[in-house]
Amino acid sequence: MKSIKDKCAVVTGAAIGIGRAIALLLGENGAKVIVSDINEEGAKKTVQDIINAGGTASYIPCDVSKKEQVKELMVQAIATYGPIKMAVNNAGIGGVLSPTHEIKFENWDRMIAINLSGVFYCMKEEISAMLHHGGGNIVNISSLAGLGGVPGGSPYAAAKHGVIGLTRSAAMEYAKLNIRVNAVCPGWTETAILDGIKDGMVATSVERYVPMGRLGRPEEVAETVLWLLSDKSSFTSGHCLTVDGGMKSS
Ligand SMILES: NC(=O)c1ccc[n+]([C@@H]2O[C@H](COP(=O)([O-])OP(=O)(O)OC[C@H]3O[C@@H](n4cnc5c(N)ncnc54)[C@H](O)[C@@H]3O)[C@@H](O)[C@H]2O)c1
């Protein structure tokens, strides 16, 4: 794809799941992909698969909940492939399910550190770099849980609502400075993050609440991200795009 070809793209949480699918698709479309994750083995496999398919990619480790590591990730990304023109803040965890009054403080803190502060740390560094290099394009991976309540998952919902607040605010702040910021809100998507949910709960929920009656595939989320990162969405910023088999329309 012409508008992303040969440009540096950073994808966090790109070892497996949705992040991996995004990294592979960006690589297939000619971007120079920085594959970042705490899972070294998985991330290196993503890199190798991009290279085997004729693309360009490198692994840079980063725990997004550590601001010094995020800063170093962006410095290393620019040193490797030049100005960051695209960034996908995808790394996230599912967390522990429990009613709000029973949530352990450490579980709350971990959720906010990775799923919300991690996105903020990345955006802060990405935007600073993009302002310095004439602009860029950011996609944050939120969730349907960023648009509505999740009984038993209030820390996750709070973090994902926060990601939408960051997305919309930054989109307005930098709209005239050639930086677009959007969010993608996947519904139930077939990845390892669902492994932590009780047996049968996902299947029941899909059957009851997803009009298409199936889980999404990571590749379907990736296509939406590619569109938002490309010039084909040039007048779209501050948008939160659901990819959910019609679930939010009910
Ligand atoms: N799968 C779904 O149903 C679904 C739905 C809505 C939103 N999402 C969101 O999509 C994103 C990707 O999730 P997924 O479903 O692919 O999950 P996944 O568990 O398959 O992948 C998550 C990736 O993030 C990485 N990661 C976790 N903590 C990290 C950290 N501190 N620093 C860097 N990397 C870290 C993991 O190592 C892993 O590679 C998440 O933000 C998740 O909340 C997923």
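What percentage of the 250 residues of the protein count as buried? In this predicted model, the share is 47%. That figure is a good starting point for a walk through the structure, from the overall fold to single residues.

The protein contains seven helices and seven strands. Read from the N terminus on, these elements follow the order β-α-β-α-β-α-β-α-β-α-β-α-α-β. The C-alpha trace spans about 45 × 35 × 35 Å along its principal axes. A compact globule of 250 residues would have a radius of gyration near 18 Å, and the value of 17 Å for the protein agrees with this. Contacts can also be sorted by how far apart the partners sit in the sequence. Among contacts with a separation of 6 or more, 71% join residues that are 24 or more positions apart.

Next comes the packing of two helices. Helix 3 covers residues 67–81 and helix 4 covers residues 105–132; they pack at an angle of about 35°, and their axes lie 9 Å apart. The crossing of this pair is right-handed. Helix 3 makes the contact through Lys67, Val70, Lys71, Met74 and Ile78, while helix 4 contributes Tyr121, Cys122, Glu125, Glu126 and Ala129. By type, the residues of this contact divide into six nonpolar and four charged, with no polar ones.

Helix 3 is also home to Tyr81. Tyr81 counts as buried because 21 other C-beta atoms lie within 10 Å, where 20 or more are needed. Beyond residues up to four places away in sequence, Tyr81 touches Cys8, Lys32 and Ile34. Pro155 is 74 residues from Tyr81 along the chain, and the C-alpha atoms of the two are separated by 36 Å.

The surroundings of the ligand are another part of the picture. There are 29 residues around the ligand, and those that come nearest are Gly13, Gly17, Ala91, Gly92 and Thr191. Helix 1, residues 17–28, supplies the largest share of this shell, with three residues. The shell divides into 15 nonpolar, 12 polar and two charged residues.

One of the residues nearest the ligand, Thr191, is also a contact partner of Ile16. Ile16 has its place in the loop between strand 1 and helix 1. Leaving aside neighbours within four places in sequence, the contacts of Ile16 are Asn39, Gly42, Thr191 and Ala192. Is Ile16 buried or partly exposed? Ile16 has 19 C-beta neighbours inside 10 Å, so it counts as partly exposed. The C-alpha atoms of Ile16 and Lys85 are separated by 23 Å, with their positions 69 residues apart along the chain.

Two further residues, Leu144 and Asp244, are linked to each other. Leu144 is found in the loop between strand 5 (136–141) and helix 5, whereas Asp244 belongs to the segment after strand 7 (240–243). Leu144 counts as buried because it has 20 C-beta neighbours inside 10 Å. Asp244 is buried too, because it has 24 such neighbours. Not counting residues up to four places away in sequence, Leu144 touches Cys185, Gly187, Thr242, Asp244, Met247 and Lys248. With the same kind of sequence neighbours left aside, Asp244 is in contact with Leu144, Pro186, Gly187 and Gly216. Gly187 thus appears in the contacts of Leu144 and in those of Asp244.

Distances along the chain and in space add to this view. Asp244 and Val210 are 34 residues apart along the chain, with 7.4 Å between their C-alpha atoms. Leu144 and Ala14 are 130 residues apart in sequence, and their C-alpha atoms are 20 Å apart in space.

Finally, two residues stand out by their backbone angles. Asp6 has a phi near 65°, which is positive even though the residue is not glycine. Asp6 sits in the segment before strand 1 (8–12). With 12 C-beta neighbours inside 10 Å, Asp6 counts as exposed. Asn178 likewise has a positive phi, of about 65°, without being a glycine. Asn178 lies in the loop between helix 5 (154–174) and strand 6 (179–186). Because Asn178 has 13 C-beta neighbours inside 10 Å, it counts as partly exposed.

Technical notes: Residues are numbered from 1 along each chain as its sequence is written. This is a predicted model: local features need pLDDT of at least 70, side-chain atom pairs count only at pLDDT 80 or more; totals for chains, interfaces and linings use all residues. A residue is near a molecule or strand if its C-beta atom, placed from the backbone, lies within 6 Å of it. Helices (H or I, at least four residues) and strands (E, at least two) are DSSP runs, numbered from the N terminus. Ala, Val, Leu, Ile, Met, Phe, Trp, Tyr, Cys and Pro count as nonpolar, Asp, Glu, Lys and Arg as charged, and the others, Gly among them, as polar. Axes are lines fitted to C-alpha atoms, for helices over the stretch in contact, and angles run from 0 to 180 degrees between N-to-C directions. A crossing is left-handed if the near helix is turned anticlockwise from the far one by less than a right angle, and right-handed if clockwise. Two residues are in contact if their C-beta atoms, placed from the backbone, lie within 7 Å. The radius of gyration is taken over C-alpha atoms; the globule rule is 2.2 Å times the number of residues to the power 0.38.
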